[in-house]
Structure formats: C-alpha cells, structure tokens
Amino acid sequence: MACLKNVHGQSEIHDCWIWNTCNRFEVYAVTEGNTASCEESLLAAFFDELPGDADCLNILHGEEVIHHLLRTLSGLNSGLPGETDVEGQFECSLKVAEACQTIREETLSALESIMDVAKSARFQTHWSDFTPSYCLAALEGALARTDRGHILSGPVTLIGSSNTSRSCF
C-alpha cells in the first residue's frame, strides 16, 4: 500500500490501483499528459526487483487498457472462460485503492460501468450455463457425490481467505 500511495503522490498520476488475481499482478494508473513518465514511475515502484528486464511485461496504454479490462473481467483471459473470481478480485482492488485514497470517484464510476459490460457479456452467452468459479468447478464433482451441507457443517476451520475461496463457501 505504501508503494501505491507513493506513486499516486506523483503529479502526473491521478488514480492508481493494483489488481492481483490468480494469474496476474497488474498496476493501473490514470494520468493526463506524459505516459512515459507515468510508465517509468510504475516500473520503478513495482517492478524494479523483477528478475530479467521489463521486456517480459505487458505495457498497455489508452483503449488497449479498456479492452484488456473487459476481456479479463468477463473471464476471456482466464483458464476457465467466463469465470467470475476475477470480478471479486477486481472489486477488492478498487476497495483497497479507495481506502488508500488513490482513486477518484469519477474513475470508480467508469470502472463500475466496465464491470457492468463484462457481467452483461458473461450472462448473454452460454458461459452462464457453466460453473463460473475455479473453486466450484474443482469441487463440483466431489460435492455432487456428497452432502455439501453435511461437509460444511462439520468441524472445519479456515484461517485466512481469498475471494476465490469465499465464493465457494
């Protein structure tokens, strides 16, 4: 969170948030003007310790970012097409940015619109016919052969959690 606040404190960056999913770690920034300066700031703050060089990173700008957000939020960039775990992880990333005060209300509103489009794409396709969660997909066969209520009412302890496991329970 300290890196997020430090990057946000730089004049060219108006909003920033981190989206961490099962398959990706992405840092987003909304800036006006010099994208090269913004890119340098993000690379220095979050990826300096990366083994190798920045050539292994995907760096997107402008409309490419919106297309990537839509593909990822709708589950197209996931191993389980149409999965919904990324949506919960994205919502969590925005809550962290809100708590850190690194995102403006107008940006949150725009991102909520993008989430709505992604949800609509998911539910207007046959993806909605399938299990939309990694956890549920993995457990579906086992749970079909057992009494789920009996398993979950037993002596179970869970310490720590994630959006993915929470969606299952």
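**Exercise 1. The residue after α4**

Does Q101 count as buried or exposed? Find Q101 in the model, which is a predicted one, and describe its backbone as well.

*Solution.*
- Start with the location: Q101 sits in the loop between α4 and α5, and it follows α4.
- Next, the surface. Q101 has 63% relative accessibility, and the cut-off for exposed is over 50%, so Q101 counts as exposed.
- Now the backbone. Phi of Q101 is positive, near 60°, and the residue is something other than glycine.
- Is that worth a second look? Most residues other than glycine have a negative phi.

**Exercise 2. The overall layout**

Work out how many helices and strands the protein has, and in what order they come.

*Solution.*
- Count the elements: you should get eight helices and two strands.
- Walk along from the N terminus and you'll read α-β-β-α-α-α-α-α-α-α.
- Then look at burial: of the 169 residues in the protein, 31% are buried.
- For contacts, take those with a separation of 6 or more; 59% of them join residues 24 or more positions apart.
- Finish with the outside. The accessible surface is about 10300 Å², and carbon and sulfur atoms hold 55% of that.

**Exercise 3. The two sides of α5**

Take helix α5 (residues 105–123) and decide where its buried residues lie around the axis, and what covers them.

*Solution.*
- Check the length first. With 19 residues, α5 spans 27 Å from its first C-alpha to its last, close to the 27 Å expected at 1.5 Å a residue.
- List the buried residues: T107, L108, L111, I114, M115, A118 and R122.
- These cover an arc of only 120° around the axis, so they lie on the same side of α5.
- Turn to the face pointing away from that buried side, and you'll find the exposed residues E105, E106 and F123.
- Finally, look for the cover over the buried residues: it includes β1 (13–20), β2 (25–31), α3 (63–73) and α4 (85–100).

**Exercise 4. The nonpolar cores**

Which residues of the largest nonpolar core touch the most other members, and which element gives the most to this core?

*Solution.*
- The largest nonpolar core holds 16 residues, and W17, L69, F90, L94 and L111 touch the most other members.
- Sort by element: β1, α3, α4 and α5 each give two or more residues to this core.
- The top contributor is α5, with five residues.
- Zoom in on L94. Leaving aside neighbours within four places in sequence, L94 is in contact with W17, I103, L108, L111 and M115.
- There's also a second, separate core of ten residues, including L4, L42, F47 and C100.

**Exercise 5. A97 and the rest of α4**

Describe helix α4, then find what A97 touches and how many Å separate its C-alpha from that of W17.

*Solution.*
- α4 has 16 residues and reaches 23 Å from its first C-alpha to its last, close to the 22 Å expected at 1.5 Å a residue.
- Its buried residues are D85, V86, E87, Q89, F90, S93, L94, A97 and C100.
- A97 is buried because its relative accessible area is 0%, under the 20% cut-off.
- Not counting residues up to four places away in sequence, A97 touches L4, C16, W17, T102 and I103.
- One of these partners is W17. A97 and W17 are 80 residues apart along the chain, yet their C-alpha atoms are separated by 5.4 Å.

**Exercise 6. Two buried polar residues and the cysteines**

Say where S41 and T21 are and what they touch, then count the disulfides.

*Solution.*
- S41 is in helix α2 (residues 35–46). At 13% relative accessibility, S41 counts as buried.
- Skip its neighbours within four places in sequence, and the contacts of S41 are V7, Q10, E12 and I13.
- T21 is in the loop between β1 and β2. With 10% relative accessibility, T21 is buried as well.
- T21 touches V86 and Q89, not counting residues up to four places away in sequence.
- For disulfides, look for cysteine sulfur atoms within 2.5 Å. The count comes to zero.
- As for individual cysteines, C3 is partly exposed at 35% relative accessibility, and C92 is partly exposed at 36%.

Definitions and conventions:
Residues numbered from 1 in each chain as written. Predicted model: local features only at pLDDT ≥ 70, side-chain atom pairs only at ≥ 80, totals over all residues. Heavy atoms only, no water. Helix = DSSP H or I, 4+ residues; strand = E, 2+ residues; numbered from the N terminus. Expected span 1.5 Å × (residues − 1). Buried < 20%, exposed > 50% of the residue type's maximum accessible area, 1.4 Å probe, protein only. Arc of directions from axis to C-beta. Contact = heavy atoms within 4.5 Å. Areas by Shrake-Rupley, 256 points an atom, 1.4 Å probe, with all protein chains shown as cover. Core = buried A, V, L, I, M, F, W, Y, C linked by side-chain atoms within 4.5 Å.
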